[in-house]
Amino acid sequence: MLIGIFIMSFSFNLSAEFDNKCSVLITLRFQNNSDAYQEAIDKINQCNKYDILSVTSFLELSISKVYITDIIQTYCMFNHEIITLLDNKTSNLSCVHRGKGRLERKFD
């Protein structure tokens with residue numbers, strides 16, 4: 001009985017660490033000329049470490065692939081599951097936010 005309580009409390013603490021969700025939409029802006037991808041990045045930069053990053057793109061498939069790949073490489077933890085669904089109408093990404101974006105390496 002005591003072992004069951006310990007296991008339940010241990011698993012609860014682990015799941016509580018990944019409680020928060022940070023949702024981001026990437027869509028065309030018809031009202032203004034703002035960059036939809038940059039707005040999404042600004043929103044992601046406000047998310048916290050260990051948030052579940054949920055990105056939905058309503059852009060063309062080829063553009064969504066580039067954006068979602070960049071977000072994965074920059075903001076997702078690689079030691080946790082990364083889920084992507086790329087579609088002609090809607091593309092989605094879910095992963096655990098690493099806290100800060102990886103620095104872009106520049107090669108001379």
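**Note on Ser91, strand S1 and the disulfides**

1. Ser91 touches a set of residues that includes Val55, Thr56 and Ser57, together with Leu61, Ser64, Ile68, Leu85 and Leu86; residues up to four places away in sequence are not counted here. The model is a predicted one, and the remarks below should be read on that basis.

2. Ser91 belongs to strand S4, which covers residues 91–96. The relative accessible area of Ser91 is 0%. Because the cut-off for buried is under 20%, Ser91 counts as buried. A polar atom of the Ser91 side chain lies 3.2 Å from the backbone nitrogen of Asp87.

3. Strand S1, residues 21–26, has two faces. Cys22, Val24 and Ile26 make up the covered face, while Lys21, Ser23 and Leu25 make up the uncovered one. S1 runs parallel to strand S2 (residues 52–57), and six bridges join the two. Ile26 has Ser57 as its bridge partner in S2. Ser57 is also among the residues that Ser91 touches.

4. How many disulfides does a search of the whole structure find? There are two. In general terms, a disulfide is a covalent bond between the sulfur atoms of two cysteines. With the bonded cysteines of the protein numbered in sequence order, the pairing reads 1-2, 3-4.

5. One disulfide is formed by Cys22 and Cys47, with the sulfur atoms 1.7 Å apart. This pair links distant parts of the chain, 25 residues apart: Cys22 is in strand S1, and Cys47 is in the loop between helix H2 (36–44) and S2. Are these cysteines buried or exposed? Cys22 is buried at a relative accessible area of 5%, and Cys47 is buried at 6%. Cys22 is also part of the covered face of S1.

6. Another disulfide joins Cys76 and Cys95, with the sulfur atoms 2.0 Å apart. Here too the pair links distant parts of the chain, 19 residues apart. Cys76 sits in the loop between helix H3 (61–75) and strand S3 (83–85), and Cys95 sits in strand S4. Strand S4 is also where Ser91 lies.

7. Why is the disulfide of Cys76 and Cys95 left-handed? The torsion about its S-S bond is about -70 degrees, so the disulfide is left-handed. Cys76 has 0% relative accessibility and counts as buried. Cys95 is buried as well, with a relative accessible area of 2%.

Note on methods:
Residues are numbered from 1 along each chain as its sequence is written. This is a predicted model: local features need pLDDT of at least 70, side-chain atom pairs count only at pLDDT 80 or more; totals for chains, interfaces and linings use all residues. Side-chain values use heavy atoms; hydrogens and water are left out. Helices (H or I, at least four residues) and strands (E, at least two) are DSSP runs, numbered from the N terminus. Buried means under 20% relative accessible area, exposed over 50%, partly exposed in between (1.4 Å probe, protein chains only). A polar contact is a pair of N or O atoms within 3.5 Å; within protein, one must be able to donate a hydrogen and the other to accept it, and residues adjacent in sequence count only if both atoms are side-chain atoms. Contact means heavy atoms within 4.5 Å. Two strands pair if DSSP finds at least two bridges between them. A disulfide is a pair of cysteine sulfur atoms within 2.5 Å.
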